[in-house]
Amino acid sequence: MHSSTMVKEDPSDTGIELKQGVSNTGFQHEEAAQVDCAECGSSEDPGETTYTQVKPYVGMPKEVLLLYSRQACYRVPREILFWLCVALTLALIAVTVAVVVLSPRCLSWWQTSPVYQIYPRSFMDSDNDGVGDLRGIIQKLDHFEYLNIKAIWISPFYKSPMKDFGYDVEDFRDIDPLFGTMQDFDDLLAAMHDRGLKLIMDYIPNHTSDKHIWFQLSRNRTQNYEDYYIWANCTPTKPPNNWVSIFGNSSWTYDEVRGQCYLHQFLKEQPDLNFHNPTVVNEMLAVLQFWLEKGVDGFRMDAVKHLLEAPHLRNEPQVDPNQPPETVDTEFELYHDYTTSQPGLHDIIRGWRVEMDKYSREPGRYRFLVTECYDYEEIYKTMMYYGTPYIKESDFPFNFYLLYLPDHMSGQGAFDLVDLWMSNMPQGKWPNWLVGNHDKPRISSSAGSEYTRVINMLLLTLPGTPTTYYGEEIGMENVNVTDIQDPFGKFNPNSSRDPQRTPMQWSPMENAGFSTNKTWLPVHPDYKTVNVEIQKNESRSVLQQYRALSQLRETELPLHRGWMCYVWSDANVFAFLREMDGFPRAFLMVLNFGSDAVIDLSAVSELPLELTVRLSTHSIEPGTQIRKSTIVTKRGEGLILEYTSHQRFHLGHASKCYVSEKACYLSALNILYSC
């Protein structure tokens, strides 16, 4: 406070008396507030005793603050800052919208990870009864994290009489005691989800076990169940037509209870459901819903092409018209015009897709659908399971054509099988690859163990999703099983599937660490050297190379969503490259499926003169420089060569290149965008 003059007014006099008083320097008349900011707190004549206003101070009253805020020196900067914030906010919103609009769709879990198939009888035995079980799978979940695998497909574990080892289902809503309990399943699913793993189940819609309650009710002509299965008039010795089972002999069996024949396209203990009956369609849809409610992440739809049969039940044409009809007893002796891929089949699958999409709305919980169908040379039928541009069916149908690689073991043969799928696949769809499963011989046996590593490299560097059958990651081979368990093998020993279903080889311990008691099938004699435990400690083992390939596939953008372009194929070598627009690195795969060879890629101008070894199946060290004019590979050797180039091969060779989920890379922001 400063001294000031106080005015006292005398009511009896018009004069004014001045006295000393106290003034508040924080107050000024409105006129005084108009003083220019530059002159605030100053006076033209320091010697004058006129009133001087101080600068704003902390704690000033609101009224005083408002007076100062009107001054240009405070108002103008404030408005500049305000509009600058508005502009920056709008710019940030615009950039965000642009990124969202231009960003490509994120790949789903079934696209980013290999799929690993478990045959539960043979994976891990937790209770030492000689048969694998669900608790055994829980014990080995670390194995998938080690391999960088996040999607696991488990073959059937439904309650079953086990005539076809689980593919003859007695109860779709229960677990067979051989594998555990429903609580064991719930624990397995929870443990997998806790680790970020996804569970794919087998769904078996075509048939049930003859022990299923539906079949028992149907054979007794119980109301509403009469037409749950395919029944036809016949005699015990004369079937309705010449249809043949997949397992051989007639696909009709006479039932004494009903006095008719029922259809079974597989074993006689596996009667076919009647999908022309809407009630059956709804029953099987309810089965899907049951497991989806539990949280299952996806389904492999088994034997889908057999779902419907022609109602007229006519004889199917013989492949050889001159063959005596009574000698026709295998599926390959008939054209299956009336028992496979019938009208209405895809409507059923689309119904499953719609139902699964209802459960896919939660972020990160997409429900995956893959169909199983062996169409052999009729690949166009397989491609139909992708759906249409307007109606989706499966995420992909299984691609079984690399199963025939051992019969075409050459660079050109590998190219032909890869191109067969890529050139027939609908544009933009997602490819997939496998080289083995529970029905086919192990690739290390059928192709030869010297090709195991290069085949794994092919599988994990092609575009799309690879599927690995348990044991392929360590190079397991078929086992000579003399005591045949497989029902197909009992009909035809040469077609037994037991050799590829033997116990997983975990360690050099007794029974390969699978069980401490016994094993339901014999273990391969090489288990003391070919097992997970030993190969984890060998830097150049099949297991270590599989793991390195899996990690490389995940970390390098061109390998899991870039272009794939063919650059070479001959009797020995198949070579292709993976690249992405805007991404600095690209990769050339050189895979030898024949004998020692040297290839010259000098004509490929998009490749630099020298390339760097990123990964080799043999002894070449990473970082080694290789000239493109002299790329040497040994029998069964695979090379992943890394290079940097601003030229893109696919721009000038459209007919040799394919891409799914196309995206480009913007290095300045380290993001992908649609292009």
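This is a tutorial dialogue on reading pockets, burial, a helix and backbone angles in a predicted model.

Student: How is empty space found in a model, and what volume does the largest pocket have?

Tutor: Rolling a probe the size of a water molecule over the atoms shows where empty space is left. In this predicted model, the largest pocket has a volume of about 1000 Å³. Its lining is made up of 43 residues, and Tyr374, Tyr376, Asp439, Lys440 and Phe488 are the closest to the centre.

Student: Which helices supply at least two residues each to the lining of the largest pocket?

Tutor: Helix H12 (443–446) and helix H14 (487–491) do. By class, the lining of the largest pocket holds 19 nonpolar, 13 polar and eleven charged residues.

Student: How much space lies in the second largest pocket, and which residues lie nearest its centre?

Tutor: The second largest pocket holds about 470 Å³. It has 18 lining residues, with Leu334, Tyr335, His336, Glu377 and Glu378 nearest the centre. Six of the lining residues of this second pocket are nonpolar, five are polar and seven are charged.

Student: How do I read burial for a single residue? Take Asp255: is it buried or exposed?

Tutor: Compare its relative accessible area with the cut-off: under 20% is buried. Asp255 has a relative accessibility of 3%, so it counts as buried. This residue is in strand E9 (residues 252–255).

Student: What does the side chain of Asp255 make polar contacts with?

Tutor: One polar contact joins the side chains of Asp255 and Arg219, at 2.4 Å. In addition, a polar atom of the Asp255 side chain lies 2.9 Å from the backbone nitrogen of Arg258. Leaving aside residues up to four places away in sequence, Asp255 touches Arg219, Trp231, Gln260 and Tyr262.

Student: And Lys536: where is it, and why does it count as partly exposed?

Tutor: Lys536 belongs to helix H15 (residues 532–536). Its relative accessibility is 36%, so it counts as partly exposed. Apart from residues up to four places away in sequence, Lys536 touches Tyr146, Leu543 and Gln544. For distance, take Lys536 and Leu460: they are 76 residues apart in sequence, and their C-alpha atoms are 19 Å apart in space.

Student: How should I read the face of a helix?

Tutor: An α-helix has 3.6 residues a turn, so residues three or four places apart point the same way. Helix H9 (residues 345–358) is a case to work through. It has 14 residues and spans 21 Å from first C-alpha to last, close to the expected 20 Å.

Student: Which residues of H9 are buried, and what do they pack against?

Tutor: The buried residues of H9 are Leu345, His346, Ile348, Ile349, Trp352, Arg353, Glu355 and Met356. They pack against helix H8 (278–294) and against three strands: E7 (198–203), E11 (298–301) and E12 (368–371).

Student: What should I look for in the backbone angle phi?

Tutor: Most residues other than glycine have a negative phi. Leu313 has a positive phi, near 60°. Its place is in the loop between E11 and H9, and Leu313 is partly exposed because its relative accessible area is 21%.

Student: What is phi for Asn511, and is that residue buried or exposed?

Tutor: Phi of Asn511 is also positive, near 60°. Asn511 sits in the loop between H14 and H15. With a relative accessible area of 16%, Asn511 is buried.

Notes. Residues are numbered from 1 along each chain as its sequence is written. This is a predicted model: local features need pLDDT of at least 70, side-chain atom pairs count only at pLDDT 80 or more; totals for chains, interfaces and linings use all residues. Side-chain values use heavy atoms; hydrogens and water are left out. On a 1 Å grid over the protein atoms alone, a cavity is a set of points where a 1.4 Å probe fits but cannot get out, and a pocket is an open set with protein on both sides within 12 Å along at least five of seven lines; lining residues have an atom within 4 Å of a point. Grid points are joined across faces, edges and corners, and a volume is the space filled by probe spheres set on the points. Helices (H or I, at least four residues) and strands (E, at least two) are DSSP runs, numbered from the N terminus. Ala, Val, Leu, Ile, Met, Phe, Trp, Tyr, Cys and Pro count as nonpolar, Asp, Glu, Lys and Arg as charged, and the others, Gly among them, as polar. Buried means under 20% relative accessible area, exposed over 50%, partly exposed in between (1.4 Å probe, protein chains only). A polar contact is a pair of N or O atoms within 3.5 Å; within protein, one must be able to donate a hydrogen and the other to accept it, and residues adjacent in sequence count only if both atoms are side-chain atoms. Contact means heavy atoms within 4.5 Å. The expected span of a helix is 1.5 Å times one less than its number of residues.
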